[in-house]
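Biologist: Could we walk through this model together before I go back to the bench? I'd like to see it first and then ask you about it piece by piece.

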Amino acid sequence: HNGKINIAIDGPAGAGKSTIARMVANMLSYVYVDTGAMYRAATWYLKNRGIEPEEVNEVLHTVQNLGIELIPGEDGQQVHVNGQDVTAEIRSLTVSSQVSRYAQIEGLRTWLVSLQRQMALRKGVVMDGRDIGTTVLPDAEVKIYMTATVEERARRRFNEMQEQQGITLEMIARDIAERDRLDQEREVSPLRQAEDAILLDTTHLTPQEVANRIVSLSRTYWEREQE
Ligand code: CDP
Ligand code: CDP
């Protein structure tokens with residue numbers, strides 16, 4: 001291959017996955033793939049059409065034809081569904097509070113996982129989510145499991161969401177704790193640390209420190225390969 005590797009980053013909400021995955025991708029000139037945005041985009045679409053999670057299997061054919069695009073841009077990634085820009089909508093608390101219910105549906109996961117694997121075929125991908133190291137890319141050369149205390153994760157998310165009216169730290173802490181629970185307890189590819197993943201607790205680290213650590217782990221991998 002082209003000398004590039006794949007980097008898988010999993011962990012609970014607010015651990016720093018997307019911020020750090022994007023930094024690592026920039027540092028290595030790799031492509032960043034935000035799989036959470038794909039589950040959020042599907043949730044936004046289904047919820048808007050009044051389709052409940054238990055009804056998704058009946059409309060799976062329509063769902064599989066949804067055009068979900070992740071478009072890298074100047075100030076972050078844009079997310080489009082059938083050509084419509086839903087970048088802001090998918091970050092709302094409405095979508096956040098529903099996404100883990102839809103993410104339990106096996107048919108939806110199978111479809112998104114196959115799209116994600118295609119995106120990583122040519123290597124040089126930093127992919128973050130919940131099941132990347134365990135299910136999507138079990139052969140990823142570098143696997144990270146990122147955590148932070150739930151208090152710190154809620155505080156980080158609160159700082160980002162303050163422009164959304166009427167949102168309190170308590171609402172965010174509740175959303176995060178409930179999603180963690182659903183993500184860890186679901187039957188199909190639950191959130192868990194892959195056996196060969198490296199645990200990084202980011203509670204007391206800056207994003208730059210964590211990104212440097214992952215880049216250095218990737219270098220170590222390459223050096224071993226050369227031997
Ligand atoms: O950014 P945040 O950590 O809040 O969440 P996200 O990465 O955008 O993911 C939103 C939700 O999508 C998660 O809580 C999971 O329920 C689901 N998800 C998943 O099941 N598998 C993935 N690979 C990525 C996300
Ligand atoms: O993707 P995930 O939900 O795991 O987390 P994120 O959206 O990347 O991070 C949530 C917020 O925490 C962002 O505003 C980051 O800048 C911040 N963060 C931090 O303050 N320190 C870290 N070590 C990692 C993230």
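Modeller: Let me begin with one working rule, which is that two strands are said to pair if DSSP finds at least two bridges between them. Please also keep in mind throughout that this is a predicted model.

Biologist: Fine, so how many bridges are there between S4 and S5, and in which sense do they pair?

Modeller: Strand S4, which covers residues 76–81, is joined to S5 by two bridges, and the pairing is antiparallel. Within that pairing, Val81 has Gln84 of S5 standing opposite it.

Biologist: And what packs on that sheet?

Modeller: Helix H2, made of residues 35–48, packs there and touches both S3 and S4, and its direction makes about 35 degrees with that of S4.

Biologist: In what order do the strands of that sheet come?

Modeller: The order is S3-S4-S5, an open sheet of three strands with antiparallel pairing. Strand S3 (68–73) and strand S5 (84–85) are at the edges and have a single partner strand each, so one side of each has no neighbour in the sheet.

Biologist: Let's stay with H2, then. At what angle does it pack with H5?

Modeller: H2 and helix H5, which spans residues 106–120, pack at about 140 degrees with their axes 11 Å apart. That angle makes H2 oblique to H5, and the crossing of the two helices is right-handed.

Biologist: Which residues in H2 and H5 meet there?

Modeller: From H2 there are Thr35, Met38, Tyr39 and Ala42, and these meet Leu108, Leu112 and Gln116 in H5. Sorted by class, this contact of H2 with H5 has five nonpolar residues, two polar ones and no charged ones.

Biologist: What about H2 and H4, at what angle do they pack?

Modeller: That angle is about 100 degrees, and the axes of H2 and H4 are 9 Å apart. These two helices are therefore roughly perpendicular to each other. On the H2 side the residues include Tyr39, Arg40, Ala42 and Trp44, while Val95, Gln98, Val99 and Tyr102 are met in H4. The residues of the contact of H2 with H4 divide into seven nonpolar, two polar and two charged.

Biologist: Switching to the ligands, which residues come nearest to ligand 1?

Modeller: There are 15 residues around ligand 1, and those that come nearest are Ala13, Gly36, Ser100, Ala103 and Gly129. Two or more residues of that shell are given by each of H2, helix H4 (93–102) and helix H8 (169–185), and H2 has the largest share, with four residues. By class, the shell around ligand 1 holds four nonpolar, six polar and five charged residues.

Biologist: And which come nearest to ligand 2?

Modeller: Here the residues that come nearest are Gly16, Lys17, Ser18, Thr19 and Arg156, out of 16 around ligand 2. Helix H1 (17–28), helix H7 (150–161) and helix H9 (207–226) each supply at least two residues of this shell. Its class counts are five nonpolar, seven polar and four charged.

Biologist: You mentioned H7, so how does it pack with H8, at what angle?

Modeller: H7 and H8 pack at about 125 degrees, with their axes 9 Å apart, and they are therefore oblique to each other. Their crossing is right-handed. Among the H7 residues in the contact are Arg153, Ala154 and Phe158, and they belong to a group that meets Leu169, Ile172, Ala173, Ile176 and Ala177 in H8. The contact of H7 with H8 has nine nonpolar residues, no polar ones and three charged ones.

Biologist: Last topic, the sheet of five strands: what order does it have?

Modeller: This open sheet has the order S2-S6-S1-S7-S8, with parallel pairing. Strand S2 (31–34) and strand S8 (198–201) each have a single partner strand, so one side of each is left without a neighbour in the sheet. If direction is ignored, neighbouring strands of this sheet are turned by 20 degrees against each other on average.

Biologist: How many bridges join S1 to S7?

Modeller: Four bridges join strand S1 (residues 6–10) to strand S7 (residues 142–147), and these strands run parallel. One bridge pairs Ile7 with Val142 in S7. H5 packs on this sheet and touches S1, S2 and S6, with a direction that makes about 155 degrees with that of S6.

Conventions: Residues numbered from 1 in each chain as written. Chains lettered and ligands numbered in written order. Predicted model: local features only at pLDDT ≥ 70, side-chain atom pairs only at ≥ 80, totals over all residues. Contact = placed C-beta atoms within 7 Å. Axes fitted to C-alpha atoms, helices over the stretch in contact; angles between N-to-C directions. Near = placed C-beta within 6 Å. Nonpolar A, V, L, I, M, F, W, Y, C, P; charged D, E, K, R; others polar. Parallel < 35°, antiparallel > 145°, perpendicular 65-115°, else oblique. Left-handed = near helix turned anticlockwise from the far one by under 90°.
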